[in-house]
Amino acid sequence: MIRSLRRAADRRRQADGRYGWLFNPYTGEEMVAIDCETTGLDTKTAELVSIAAVRIKGERVLTSDSLDLRLQPPASLSGDSIKIHRLRGVDLNDGEGLGEALEKFLDFVGNRPLLGWCIDYDLAVINRHLRPLFGFDLPNVCLDMAQVYLREMRRTRPQLEPTVNFETVAEALNVPVMGRHTALGDAVTTALMYVRLKKGALAAG
């Protein structure tokens, strides 16, 4: 309820602005898989290190039409997060500024539906940075690939108790894990999972 009220208020404020069109219903055939790497797991404090997105059209993942952005090193970049995403400060020295990166992200995804693995985390971190700079949260329709898989398992194999983690689901759907814990790799892998699931990979398995 709160989210829908906030979205309605955002839409009114943005109606005549550059990004007012993002609030229009999407009528095309594409969706966008997204992922971000951050400095931690707490959505209230995590800062963005990299953002990636790849378009999906029908049964095709358009890997040649993707976005892969590294940001300037955030203040909270530490050894613990570097062990996961393997992006050091020196790797980010030529990165995008936060505002510029988010602008490119918005222009790339547009108002298409968004897909992600446990996407609520990515949305919370992105929106926490997006709102102060642009005045709104992402208004896109969103799908969580983990939940999509779980629903399909319950529908097709109700007798099983599925393990729902990234690598296990990729293996179950016969999808290669592409550069785990890189934003683009995880976005592409998530997109491939979705396409495979829609092709009936579970039913065929």
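T182 is partly exposed, with a relative accessible area of 32%. In this predicted model, you will find T182 in the loop between α6 and α7. Follow the chain back to A52 and you have covered 130 residues of sequence, yet the C-alpha atoms of T182 and A52 are 8.7 Å apart in space. That pairing is a handy place to start, and the helix that comes after this loop offers another one like it.

Step into helix α7 and look for A191. A191 counts as buried, because its relative accessibility is 0% and the cut-off for buried is under 20%. What does A191 touch, leaving aside residues up to four places away in sequence? The list is A33, V54, I56, V61 and L115. There is also a link in space to I34: the C-alpha atoms of A191 and I34 are separated by 8.6 Å, although their positions lie 157 residues apart along the chain.

With those two spots in mind, let us take in the whole chain. It has 205 residues, and 46% of them count as buried. Its secondary structure comes to eight helices and five strands. Reading along the sequence, you meet them in the pattern α-β-β-β-α-α-β-α-β-α-α-α-α. Contacts that span long stretches of sequence are well represented: of those between residues at least 6 apart, 66% join residues at least 24 apart. As for the outside, the chain exposes about 10,700 Å², and carbon and sulfur atoms supply 50% of that area.

Now for the inside. I34, the partner of A191 in space, turns up again here. The largest nonpolar core has 29 residues, and I34 and F105 are the ones with the most contacts inside it. Which elements each supply at least two residues of this core? They are the strands β1 (30-38), β2 (48-57) and β3 (60-70), together with the helices α3 (98-109) and α4 (119-134). Helix α4 gives the most, with seven residues.

F105 shows how these pieces come together. Not counting residues up to four places away in sequence, F105 touches I34, I51, A53, L67, L69, I126 and L138. Besides this core there is a second, separate one of 24 residues, which includes F166, L173, M193 and Y194.

Two of the helices that feed the largest core also meet each other. The axes of α3 and α4 come within 10 Å and cross at roughly 100°. Because angles of 65 to 115 degrees count as roughly perpendicular, α3 is described as roughly perpendicular to α4. On the α3 side, the contact is made by L98, G99, L102, E103, F105 and L106, while α4 brings I126, H129, L130, L133 and F134. Sorted by class, these are eight nonpolar, two polar and one charged residues.

Beyond α4, the chain enters a loop that leads to β5 (142-144), and N140 lies in it. Is N140 buried or exposed? N140 is buried, with a relative accessible area of 8%. Its contacts, again leaving out residues up to four places away in sequence, are with V109, G110, N111, R112 and L114. P113 belongs to this neighbourhood too: N140 and P113 are 27 residues apart in sequence but 5.6 Å apart in space, C-alpha to C-alpha.

P25 makes a good contrast. P25 lies in the loop between α1 (2-14) and β1, and it is exposed, with a relative accessible area of 63%. Across 116 residues of chain, the C-alpha atoms of P25 and V141 are separated by 9.0 Å.

Two loop residues are left to visit, and both have a backbone feature to look for. C118, found in the loop between β4 (114-116) and α4, has a positive phi of about 50° although it is not a glycine. C118 is partly exposed, with a relative accessible area of 38%. N174 is not a glycine either, and has a positive phi of about 60°. Where does N174 sit? It is found in the loop between α6 (166-172) and α7 (183-198). N174 counts as exposed, because its relative accessibility of 59% is over the 50% cut-off. That brings us back to the starting point, since T182 is found in the loop between α6 and α7.

How values were computed:
Residues are numbered from 1 along each chain as its sequence is written. This is a predicted model: local features need pLDDT of at least 70, side-chain atom pairs count only at pLDDT 80 or more; totals for chains, interfaces and linings use all residues. Side-chain values use heavy atoms; hydrogens and water are left out. A nonpolar core is a set of buried Ala, Val, Leu, Ile, Met, Phe, Trp, Tyr and Cys residues joined through side-chain atoms within 4.5 Å. Buried means under 20% relative accessible area, exposed over 50%, partly exposed in between (1.4 Å probe, protein chains only). Helices (H or I, at least four residues) and strands (E, at least two) are DSSP runs, numbered from the N terminus. Contact means heavy atoms within 4.5 Å. Axes are lines fitted to C-alpha atoms, for helices over the stretch in contact, and angles run from 0 to 180 degrees between N-to-C directions. Angles under 35 degrees count as roughly parallel, over 145 as roughly antiparallel, 65 to 115 as roughly perpendicular and the rest as oblique. Ala, Val, Leu, Ile, Met, Phe, Trp, Tyr, Cys and Pro count as nonpolar, Asp, Glu, Lys and Arg as charged, and the others, Gly among them, as polar. Accessible areas come from the Shrake-Rupley method with a 1.4 Å probe; for residues, only the protein chains shown count as cover.
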